[in-house]
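Biologist: I would like to go through the terms one at a time. Please set each value against its rule.

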Amino acid sequence: MICRLTVNGTPWEGDVPPRLTLADLLRDHLQLTGTHLGCEQGVCGACTVLCDGEAVRSCLMLAVQADGRSLTTVEGLDADPDAAALRDALVAGRGLQCGFCTPGFLLSALALRRADPPVDPARVPELLAGNICRCTGYGPIVAAVRAWLG
Amino acid sequence: MKPAPVAYRRPESLDEALADLAELGDRARPLAGGQSLVPLLALRLAQPEVLVGLERVAELRGADLDGDRLEIRAMTREAELERSAALPPLLGAALGHVGHFQIRSRGTVGGSLAHMDPAAEWPALALLLDATLTVASARRGRRRLPAASFILGPLTTALEPDELLEAVTMARPDGRFGFAEVERRSGDFALVGAGCHRGRVVVFAAGPRPQRLPGVEAFLRDGGAPGPELQRRAHAEIEARDDLHASAAYRRQVGARLVDQVVAAAS
């Protein structure tokens with residue numbers, strides 16, 4: 001099925017099988033392997049990307065459902081000053097070790113920062129509960145994101 | 001795991017979608033936001049021949065939240081409702097428990113109702129608020145069902161294979177209410193949950209489907225108040241099941257406490 005979308009500002013068009021998830025399209029067809037796959041059933045949050053500005057699980061969306069949408073993956077954050085400040089905060093606060101979960105946390109946190117109405121920083125622990133990290137114990141990530149949200 | 005091969009249709013209108021379902025019957029599954037069905041496809045617990053993607057069906061989108069009677073069309077996403085200034089506080093409180101915010105970006109009201117997970121919030125809300133569900137088919141036209149007749153059991157509703165859930169309507173919930181859940185982690189499915197509004201009391205995630213507690217409601221009508229007697233009645237009335245997350249005894253015990261809390265919050 002023909003699928004047309006915009007990924008990190010660049011239009012893409014291709015013929016994809018309907019069973020292909022958006023995560024697999026990004027990783028295997030567009031070679032954007034910064035989107036990580038942990039559980040592939042919507043639990044771990046590692047595959048979080050932005051779809052028309054909203055954080056979504058790319059393993060729970062078929063590529064054909066993303067037709068006509070604009071997507072941002074971790075590769076699209078290189079020139080984003082907000083994302084740079086968040087990366088610095090995570091590094092300075094030891095908010096990552098192995099880094100597997102980090103792309104998902106970055107995109108979830110960016111969606112929270114741009115949410116309208118703005119999110120209350122006190123809700124950060126609850127709102128980040130949809131992303132699993134097996135290294136840090138969450139405290140450093142929550143502290144870094146909370147400080148960055150201001 | 002990856003979903004099995006499947007065909008995809010993308011109807012552009014409600015009539016087209018209903019025609020697809022009338023043609024395909026139980027070989028097809030409608031796909032709304034996919035937050036429940038896509039994991040089932042990935043785990044190969046669901047293997048339809050055809051998915052009927054509803055993302056282009058304009059008649060199924062949007063919600064009217066301004067009047068005394070609310071209408072939420074089936075493809076309305078939870079994130080859209082959360083952003084609406086007209087959203088009644090009871091629905092706002094319950095929505096905060098629906099998955100994680102990334103799930104609510106894609107998850108739809110109709111998808112949750114039609115999927116009927118016993119632990120999901122929307123079927124419980126529909127029962128609590130005495131909602132009416134409008135379902136449509138190409139052959140038989142529309143029928144309107146009260147939530148209590150729509151909800152049959154785990155992953156089971158009154159929807160026939162050729163029918164689509166079109167919209168849910170309900171009187172605007174106003175005044176005091178209670179809504180509470182016990183979950184292992186914020187955003188996880190409830191181990192047990194409860195709601196109370198205008199004298200109606202519902203427990204969910206305990207048994208095979210959300211359950212009204214008529215005995216507790218009668219106790220409240222007769223002037224009963226939160227406390228040990230109300231908890232005893234709730235405990236006796238709650239239908240609970242064992243699974244790997246919690247025992248039936250735990251669910252009854254915690255559910256009775258939650259009922260006490262939500263009744264207190266609503267009174």
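**Cavities, interface and salt bridges**

Modeller: In the lining of the second largest cavity, seven residues are nonpolar, one is polar and none is charged. This is a predicted model, in which local features need pLDDT of at least 70, side-chain atom pairs count only at pLDDT 80 or more, and totals for chains, interfaces and linings use all residues, while side-chain values use heavy atoms, with hydrogens and water left out. Residues are numbered from 1 along each chain as its sequence is written, and chains are lettered from A and ligands numbered from 1 in the order in which they are written.

Biologist: Which residues line the second largest cavity?

Modeller: The lining consists of B:Pro3, B:Ala4, B:Pro5, B:Val6, B:Leu41, B:Ala46, B:Gln47 and B:Pro48. Ala, Val, Leu, Ile, Met, Phe, Trp, Tyr, Cys and Pro count as nonpolar, Asp, Glu, Lys and Arg as charged, and the others, Gly among them, as polar, so B:Gln47 falls in the polar class.

Biologist: Why is a space called a cavity and not a pocket?

Modeller: On a 1 Å grid over the protein atoms alone, a cavity is a set of points where a 1.4 Å probe fits but cannot get out, whereas a pocket is an open set with protein on both sides within 12 Å along at least five of seven lines; lining residues have an atom within 4 Å of a point. Three cavities of 30 Å³ or more are counted here. The largest has a volume of about 60 Å³ and the second largest about 50 Å³, a volume being the space filled by probe spheres set on grid points that are joined across faces, edges and corners.

Biologist: What lines the largest cavity?

Modeller: Both chains do: A:Glu126 and A:Leu127 are joined by B:Gly96, B:Gly99, B:His100, B:Phe101, B:Arg104, B:Ser186 and B:Gly187. Helix H4 (124-127) of chain A and helix H5 (101-104) of chain B each give two or more residues; helices (H or I, at least four residues) and strands (E, at least two) are DSSP runs, numbered from the N terminus. By class, this lining has two nonpolar, five polar and two charged residues.

Biologist: What is the volume of the second largest pocket, and what lies nearest its centre?

Modeller: Its volume is about 500 Å³. Of 20 lining residues, A:Ala115, A:Pro117, A:Val119, B:Glu82 and B:Arg83 lie nearest the centre. The largest share, three residues, comes from H3(B).

Biologist: How do you know how much area the two chains bury?

Modeller: Buried area is the accessible area (1.4 Å probe) that two parts lose on being put together, summed over both. For chain B and chain A this comes to about 2800 Å², 52% of it on carbon and sulfur atoms. On the chain B side, B:Phe101, B:Gln102 and B:Arg106 lose the most, together 23% of what that side buries. Contact (heavy atoms within 4.5 Å) takes in 34 residues from each of chain B and chain A.

Biologist: What makes A:Glu54 and B:Arg83 a salt bridge?

Modeller: The rule asks for a side-chain nitrogen of Lys or Arg within 4 Å of a carboxyl oxygen of Asp or Glu; the N to O distance is 3.1 Å, so the pair qualifies. A:Glu54 lies in strand S4 of chain A and B:Arg83 in helix H3 of chain B, so the pair joins two chains. B:Lys2 and A:Asp24 also form a salt bridge, at 2.9 Å between the closest N and O atoms.

Biologist: How many salt bridges are there between chain B and chain A, and over all chains?

Modeller: Six between chain B and chain A, and 33 over all chains.
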